[in-house]
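Dear colleague,

I am handing over the structure we spoke about, and below it you will find my notes on what turned up. Please read them with the coordinates open beside you.

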Amino acid sequence: MGKWGKYLKRYNKQWESDPVFKAWIQPSTEEAVNAGKGEAYCKLCATNLRAHKSDLLDHRRTKKHTTRENSLATTSRGRLDSFGTN
Ligand SMILES: [Zn+2]
């Protein structure tokens with residue numbers, strides 16, 4: 001709504017509750033959008049992406065991204081394991 005609505009037309013807030021995207025997606029900064037870098041941003045890779053679902057899915061399959069996503073998963077699994085020992 002408001003000022004965001006104007007330039008985030010293609011960014012879908014619902015991606016933030018989608019298990020496929022929610023761990024890493026966020027809207028790009030206004031600066032990045034105005035520079036034509038894309039409307040979505042990957043927190044893991046610190047990279048701007050076009051806010052097209054197919055582009056996001058392609059990005060998710062890149063080696064750079066999967067490596068980072070896996071190390072994130074390992075970290076949280078480790079934490080769960082230590083809770084499980086009680
Ligand atoms: Zn990424």
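Is K13 buried or exposed? With a relative accessible area of 56%, K13 is exposed, the cut-off for that class being over 50%. Please keep in mind throughout that this is a predicted model.

K13 takes part in a salt bridge with E16, in which the closest N and O atoms are 3.2 Å apart. Its partner E16 has a relative accessible area of 29% and is therefore classed as partly exposed. In total the structure holds 5 salt bridges, and I describe two others here.

One of them joins E39 to R10, with 2.5 Å between the closest N and O atoms. Because E39 lies in the loop between α2 (30–34) and β2 (40–42), while R10 lies in the loop between α1 (2–7) and β1 (25–27), this pair ties together parts that are 29 residues apart in sequence. The two residues fall into separate accessibility classes: E39, at 11% relative accessibility, counts as buried, whereas R10, at 43%, counts as partly exposed.

Another salt bridge is formed by D55 and R50, whose closest N and O atoms are 2.7 Å apart; R50 counts as partly exposed, at 44% relative accessibility. As general background to these pairs, side chains of opposite charge can pair when their charged atoms come close.

The other topic is the metal site. A zinc ion is coordinated by SG of C42, SG of C45, NE2 of H59 and ND1 of H65, at 2.0 to 2.3 Å. The angles among the 4 donor atoms run from 105 to 114°, and the site is tetrahedral. Along the sequence, the donor residues follow the spacing C-x2-C-x13-H-x5-H. Both of the histidine donors, H59 and H65, are buried.

H59 may be a useful residue on which to centre your view. It is placed in helix α3, which covers residues 53–61, and at 9% relative accessibility it counts as buried, since that class means under 20%. If neighbours within four places in sequence are left aside, H59 is in contact with W24, C42, C45, T47, L49 and H65. As for T47, its C-alpha lies 9.9 Å from that of H59, with the two residues 12 apart in sequence.

With kind regards

How values were computed. Residues numbered from 1 in each chain as written. Predicted model: local features only at pLDDT ≥ 70, side-chain atom pairs only at ≥ 80, totals over all residues. Heavy atoms only, no water. Donors = N, O, S within 2.8 Å, 3.2 Å for Na, K, Ca; no water. Tetrahedral: all angles 85-135°; square planar, octahedral: opposite > 155°, others 65-115°. Buried < 20%, exposed > 50% of the residue type's maximum accessible area, 1.4 Å probe, protein only. Salt bridge = Lys/Arg side-chain N within 4 Å of Asp/Glu carboxyl O. Helix = DSSP H or I, 4+ residues; strand = E, 2+ residues; numbered from the N terminus. Contact = heavy atoms within 4.5 Å.
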